[in-house]
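Let's take a walk through this model together. Have the sequence and the 3D view open, and follow along from stop to stop.

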Amino acid sequence: MTVTATVRSARPGWVTDAKLASWTRWVSAPATGGEPLTAVAPYDGRPTGPVPSCTSDDVAATVAVARRAQREWATLSFDARAQVVYRFHDLLVARQDEVLDLIQWEMGKGRFHAWQEILQVGNLARHYAKHGAAYLADHKVRAAIPVATSAREVRVPKGVVGIISPWNYPLYLGVGDTIPAMLAGNAVIGKADPQTPLTLLWTRALMAEAGLPEHVWQVVAGPGAAIGEAVVDNVDFVMFTGSTATGRIVAQRAAGRLIGASLELGGKNPLVVRADADLEAAARGTVMAAFANTGQMCIHIERVIVHADVYDDFRACLVAATSAQRLGAVYDYSVDIGSLASQAQLDKVAAHVADAVAKGATVLAGGRARPDLGPCFFEPTVLEGVTEDMELCLGETFGPVVALYRAADDEDALRIANQGTAGLSASVFSKDIAAADAIARRIRAGSVNINDGAALAAGSIEAGMGGMGSSGLGRRHGGEGMRKYTDSQTIVASKIGPLGPNARQTLDQFVKLGNGQLRLMRKLRVR
Ligand code: NAD
């Protein structure tokens, strides 16, 4: 692995205390305020923050303020709301270097992976500003009595939406879901992850520059469980992204209040290499999808299932491509992979690899922590000989580690791909797109990429994205990613007064008329 220069001090020089204060003022702590949050920068192990922290009472008060702001916001035209989002888009693209520095400082990823968050949020902002009105448009349907009555389904904002997001994509996951929720006429309470609050707060400040009214999007911060649960206890709908374990807690709490929840959870994503695949492309796709975001991406590849006929050749390609990765802690695009986000992440990744090796797996590339680069670095790693008794076989590692499995044929590859309970993302490499498509339909995963590892589905933002099985409920992106922040309301109207017998009809006459109509409509094949 090539190593490039590594920073000594992680705090970007331009981040003064005054700048910090200008962002942290966006933490909503109206009443009491708790202990300040201090996260640790993964590049140098020094504190980032401090960021004021909320209590559960603060969250309840914040939601009350949001309710008032939402009523006014929802009366604006869609176009007026969209103009704010367009201005935000332009500011984000122009000032991207600031937030790229913050993402790297707080989270440690390589700059290219941080930039992908800009790309994703920019595309989502434009997409929903342009197509949101169509996604929310009234839907006319046939009413009970043609001509004399009419029926429409209209979309009503949920009210106050809680968005709980993790640290791994603080911009994309914190803001990408907020934009469609706000455009649909909701107020949003964003819960910042304790590792990455500054990125979300910087973005909130930018949204204010774009003209967003102060209380339409408020950010609460504090310990995950207490503040996250307070959000679920007060809002009208929850968008949660995080681990499957926490997702279950959120789902149960939301069920208790009978509010909806969209849950984007963990994965254990497979990539299938068919015998006819372009092996160089498959290896390149695997490296990009497995080690993206230092492997801390919900849709990243952790299992590579290779047809036996090409296993040895593919393994050689993958090991070469992995070994060529450049690692380092730098605020530019000269490295491929950055650090893990925290000591806890490093400990988990190292433990998974150590457990596998102790039980007989072989390290083909990487496999070591790299304290010489920074306290949380781990090399991109390829393993083989992984068996089900090893934790990393079916348990999510969430790090730069991929395991190779040999499949006898396509059926065997499918069997391995569908092992476990997760079903988030998958990939199939093959020159025969129709054959790959047939396999894709039989993989239990919310998205399947053909001849790409993971980015294609994520970047195809008109299509819904989410999990099957233990990987979640609901979809982000596309129409569903916006309509879920609304309730469907049916509005019907009659030009002939109330439905039922008129003043001169008996019930008996009305039933006879109704039965005649049923028979006639069956004969005419109507509805
Ligand atoms: P996590 O579940 O620990 O935390 C996620 C968020 O929930 C954080 O903001 C945290 O503070 C908050 N939280 C913690 N306890 C809570 C509670 N009891 N109630 C409400 N909120 C609570 O997840 P993590 O470890 O920080 O993130 C990594 C996980 O997220 C991985 O499993 C990854 O696969 C998953 N993830 C999924 C997607 C997706 O789109 N499917 C995207 C990114 C990450």
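What follows starts at the ligand, moves on to one helix, and ends with a few backbone oddities and buried residues.

First, some ground rules. This is a predicted model, so keep in mind that local features need pLDDT of at least 70 and side-chain atom pairs count only at pLDDT 80 or more, while totals for chains, interfaces and linings use all residues. Residues are numbered from 1 along each chain as its sequence is written, and side-chain values use heavy atoms, with hydrogens and water left out.

Start with the ligand. There are 28 residues around the ligand, and Ser165, Ser243, Thr246, Leu265 and Glu396 come nearest; a residue is counted as near if one of its heavy atoms lies within 4 Å of the molecule. What kinds of residues make up this shell? The shell divides into 13 nonpolar, 9 polar and 6 charged residues. In that sorting, Ala, Val, Leu, Ile, Met, Phe, Trp, Tyr, Cys and Pro are nonpolar, Asp, Glu, Lys and Arg are charged, and the others, Gly among them, are polar.

Where in the fold do these residues sit? Helix α9 (224-234), strand β9 (237-241) and helix α10 (244-257) each supply at least two residues of the shell, and the largest share, 4 residues, comes from α9. The element names come from DSSP runs numbered from the N terminus: helices are H or I with at least four residues, and strands are E with at least two.

Now look for the polar contacts. The term means a pair of N or O atoms within 3.5 Å; within protein, one must be able to donate a hydrogen and the other to accept it, and residues adjacent in sequence count only if both atoms are side-chain atoms. An oxygen atom of the ligand sits 2.8 Å from an N or O atom in the side chain of Trp167. A ligand nitrogen atom is 2.8 Å from an N or O atom in the side chain of Glu229. The backbone joins in as well, with a polar backbone atom of Gly242 lying 3.2 Å from an oxygen atom of the ligand. How much of the ligand does the protein cover? The answer is 89% of the 850 Å² of accessible area that the ligand has on its own, using the Shrake-Rupley method with a 1.4 Å probe; for residues, only the protein chains shown count as cover.

While you're at α9, find Val232, which is placed in that helix. Val232 counts as buried at 1% relative accessibility. Buried means under 20% relative accessible area, exposed means over 50%, and partly exposed is in between (1.4 Å probe, protein chains only). Val232 and Val161 are 71 residues apart in sequence, yet their C-alpha atoms are 9.3 Å apart in space.

Next stop: helix α12, residues 311-323. Its 13 residues should span 18 Å at 1.5 Å a residue, and the end C-alpha atoms are indeed 18 Å apart; the expected span is 1.5 Å times one less than the number of residues. Tyr311, Phe314, Leu318 and Thr322 are buried in α12. Seen down the helix axis, the buried residues of α12 fall within an arc of 65°, so they line one face of the helix. The arc is that of the directions from the axis to the C-beta atoms.

Zoom in on Thr322, which has a relative accessible area of 0%. A polar atom of its side chain lies 2.7 Å from the backbone oxygen of Leu318. Thr322 and Leu364 are 42 residues apart along the chain, with their C-alpha atoms separated by 9.7 Å. Back at Tyr311, a polar contact of 2.7 Å joins its side chain to that of Glu384. Glu384 lies in strand β15 (residues 381-384) and is buried, at 16% relative accessible area.

Finally, the backbone oddities. Most residues other than glycine have a negative phi, and most peptide bonds are trans. Pro50, in the loop between β2 (34-37) and β3 (51-53), follows a cis peptide bond from Gly49, with omega near -5°. Val147 has a positive phi of about 70°; it lies in the loop between β4 (139-141) and β5 (149-157) and is exposed at 73% relative accessibility. His477 has a positive phi too, near 75°. Is His477 buried or exposed? His477 is buried, with a relative accessible area of 2%, in the loop between β21 (472-473) and α18 (480-483).
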